[in-house]
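Q: Please take a close look at the side-chain interactions in the model below. I would like one connected account, with the cut-offs stated.

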Amino acid sequence: MNNNRKNFFDRLDWTLILIMGLFCIVSIAAISSAQMSGQYATNFVPKQLFWYFVAACIISVMMYFEPEQYKKMAWYLFGFGVFLLAVLVALPDSMALVEPRNGAKSWFHLPFADIQPSEFMKTFYILALARIVTKHHEVNPVKTIKTDFILLGKIFLTLAIPLAFIMQQPDLGTSLVFLAITAAMIVVAGVAWRIILPIATVAIAAGGTLLWMALYKQEFLNDVLGVKTYQFARIYSWLDPYSYSSSDGYHLVKSLNAIGSGEIFGKGYKQHEVYVPENHTDFIFSIIGEEWGFVGASAVIVLFFFLIYHLTKLTLQMKDPFCTYVCAGIIAMITFHVLENIGMTTQVLPITGIPLPFISYGGSSMMGNAFALGLVFSMKFHHHTYMFGRDD
């Protein structure tokens, strides 16, 4: 017995729809309050509502295509995403279409909106990795150390292509998202832990060494690796923001002051007093913490927990390995975004400019996340539940 006999409404994921509705309410409320600081003359609330409408349309269209069709389109979408990144990097900075902003060349400045190709590339990359892992396991049903290394080679080669263009923008935050997706996919793909652990150990040791050298061996990094002086300031302002409160640590100090001043229950809706730059985008959590306090901020975190829990529950229900890998990649992407955004506003992690999914203002981010959730809605809509399981 399968779900082909269910009607249209029974096949919808109403739990996920409810969660997205709650995110929309939180986003509109937070943005409406954030824009009262007077940083911009634009009213972002109608625009955010428009992007939520666009996201709903994207999900509705994607839901009608079966997962097998996305599997067939995986490489075409990946190639299209790489093409957009290549064009973005190749066009001269003097062109208004790709003029850098805040030191990063990451957007196409179109008449109706600024589009960031890397937001869509994340999901295209997840589809490509899911296709690679699925095909690899079909060709190599018996898993060995050799086959695991071959799989890792395929994964890292695929990663290197978009990562090379994104690092040229440069966009460290998005690059870290790709690494997080890759790490999750490697684990879910079943690569032996005797391979994963040494690689992880080397990566952690390398990261710790670079951090130590940034603090105590700046000359070496400057002379040998070409690290610029201003790049060290980002690390110093993260570790000791109040010593750099008038320069690189300004954003973080303001964010900490805002969240801390909210205390347990917050100051009340639209009662924020601390000026936080970019408080409707990357630092939206600072507004939530100041106005709604620890209780309100915790409620938002719990909402994200329910989203991740629900996506994990769906992943475990999937019978098709391709669907399982896609869902795992999406979970990794959203989870890293949430951890990094909230972490950077509370000094747990360095500031990288990553938005808070479904809450921060932004068309590209909303559409990119909608494309990812559209895949989940499609898998749920076309999912077959059999009484005695399936042999294939």
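A: A salt bridge here is a side-chain nitrogen of Lys or Arg within 4 Å of a carboxyl oxygen of Asp or Glu. The model is predicted, so local features need pLDDT of at least 70 and side-chain atom pairs count only at pLDDT 80 or more, while totals for chains, interfaces and linings use all residues. Residues are numbered from 1 along each chain as its sequence is written, and side-chain values use heavy atoms, with hydrogens and water left out.

Side chains of opposite charge can pair when their charged atoms come close. By the cut-off above, the whole structure holds 6 salt bridges. One of them joins the side chains of Glu-119 and Lys-122, at 3.2 Å from N to O. These residues are 3 apart in helix H4, so about one helical turn separates them; helices (H or I, at least four residues) and strands (E, at least two) are DSSP runs numbered from the N terminus. Glu-119 is buried at 4% relative accessibility, and Lys-122 is buried at 1% (buried is under 20% relative accessible area, exposed over 50%, partly exposed in between, with a 1.4 Å probe and protein chains only).

Helix H4 also takes part in a salt bridge between Lys-71 and Glu-138, 3.7 Å from N to O. This pair links distant parts of the chain, with Lys-71 in helix H3 (residues 67-90), Glu-138 in helix H4 (residues 117-139) and their positions 67 residues apart. Lys-71 is buried, with a relative accessible area of 13%.

His-136 lies in helix H4 too, and is buried at 2%. Beyond residues up to four places away in sequence, His-136 touches Thr-147, Ile-150, Leu-151 and Lys-154, where contact means heavy atoms within 4.5 Å.

Another salt bridge brings together Lys-267 and Glu-290, at 2.8 Å from N to O. Lys-267 is in the loop between helix H10 (250-262) and helix H11 (284-317), and Glu-290 is in helix H11, 23 residues apart. Lys-267 is partly exposed at 27%, whereas Glu-290 is buried at 0%. Glu-273 joins both in a network of salt bridges.

The aromatic rings come next. Rings of Phe, Tyr and Trp (its six-membered ring) pair if their centres lie within 6.5 Å, with planes under 30 degrees apart counted as stacked, over 60 as edge-to-face and the rest as tilted. The count by this rule is 12 aromatic pairs. Among them is the edge-to-face pair of Phe-124 and Phe-371, 5.4 Å centre to centre with 90° between the planes. Phe-124 is in helix H4 and Phe-371 in helix H13 (residues 363-381), 247 residues apart. Both rings belong to buried residues. Phe-23, Phe-304 and Phe-358 form one aromatic cluster.

Finally, the nonpolar core, a set of buried Ala, Val, Leu, Ile, Met, Phe, Trp, Tyr and Cys residues joined through side-chain atoms within 4.5 Å. The largest such core has 96 residues, and those touching the most other members include Phe-23, Leu-127 and Phe-358. H11 supplies the largest share of this core, 12 residues. Outside its neighbours within four places in sequence, Phe-23 is in contact with Tyr-52, Leu-303, Phe-304, Leu-307, Phe-358 and Ile-359. A second, separate core has 5 residues, including Ala-214 and Phe-232.
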